[in-house]
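Here is a short, friendly tour for the bench. Please have a look at the model below before reading on.

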Amino acid sequence: MDLKPDFPRPLQAFLIIIASFIFVFMATQVLVFIFVPDVENLNQSSMAMKMLMSFGEVGLIIIPVIYIRNRNLSVRKAFRWNSIPLPIFFWSIIIGLSITILGDELDRLVNMIFPAPELLGQISEVFRITSVPDFFLLVFGVVIAAAFVEESIIRGFLQKSLEKYQDVTHAVIYASLAWTIIHGMIFWAIQIFLLGIVLGLLAWRSDSIFPSVIGHGINNAAALFFYNINQDKLDKIYLWGDHVSPVFLILAAAGLIYGVKAFYRYYPILSEPVADYDSSS
């Protein structure tokens, strides 16, 4: 018998994601207890910290996958793991670069009103590359795993549920709001929320998380890059005083506008928000 149960309601999907965060937190604490006896002196830039971070990102998808399989739903469809054509791949890169630059300027504007918390200094230490293994581990954890897993559960699993029970506008907004809350970073709340709106739009229009994965990954890669370079020479080209150069901002705004328009041209007619969910993955 081919079972095709209903997709989970938004509250169910959100609670499943919360459960996955709790699971990762508890599993990480167990790993720290077993493998890091001297927790108080754990170096933020150590290999152990980077491995725990990477494990945490990958682990977030475990509970949603178990839930989807137990409901006889298609993992591929539930997470929106649908392929995208080459032109959309290209425009996803352009949009990713654009939102990264615009997001950087927004960071600087927010910092003028609300100074960056000390916690950001600890985050920068985790992102510090001190060896070749560090490089590959951070690229995997920060750029690949974080982007792929978070987009799968937020713009895939959660937003798809919202699209079934809400109109698209509210679905994108609520998914981005949930993503913002989960991050728990007040200083980055506006930036994360607006970034989520753009990523949610890309995922909805293409019915695939891969455009949002690309945009998310580029944004994280840029952060990793800036945490590990001597910015003096780059700042002379990239900055205008304490802000991003107007030239880069204009190019970024143009890239975002034309990129989104390209998505709408390529996908003029949308399929139903949530189609059949067969049991094949």
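## Two loop residues and a helix pair

Asn72 lies in the loop between H3 and helix H4 (75-78). This is a predicted model, in which local features need pLDDT of at least 70, side-chain atom pairs count only at pLDDT 80 or more, and totals for chains, interfaces and linings use all residues. Residues are numbered from 1 along each chain as its sequence is written, and side-chain values use heavy atoms, with hydrogens and water left out.

Most residues other than glycine have a negative phi. Asn72 has a positive one, and so does Asp207, also not a glycine. The table puts the two side by side.

| Residue | Phi | Relative accessible area | Loop |
|---|---|---|---|
| Asn72 | about 60° | 30% | between H3 and H4 (75-78) |
| Asp207 | near 50° | 22% | between H9 (189-206) and H10 (210-227) |

Asn72 is partly exposed, as is Asp207; the term covers values between buried (under 20% relative accessible area) and exposed (over 50%), with a 1.4 Å probe and protein chains only.

H3 (residues 62-70) also packs against helix H1 (residues 10-35), at an angle of about 135° and with axes 8 Å apart. That makes H1 oblique to H3, since the angle is outside the ranges under 35, over 145 and 65 to 115 degrees. From H1, Gln12, Ile16, Ala19, Ser20 and Phe23 meet Ile62, Ile63, Pro64 and Tyr67 of H3, where contact means heavy atoms within 4.5 Å.

Overall, the protein chain has twelve helices and two strands (DSSP runs of at least four and at least two residues, respectively). Of its 281 residues, 44% are buried.

Terms used:
Axes fitted to C-alpha atoms, helices over the stretch in contact; angles between N-to-C directions.
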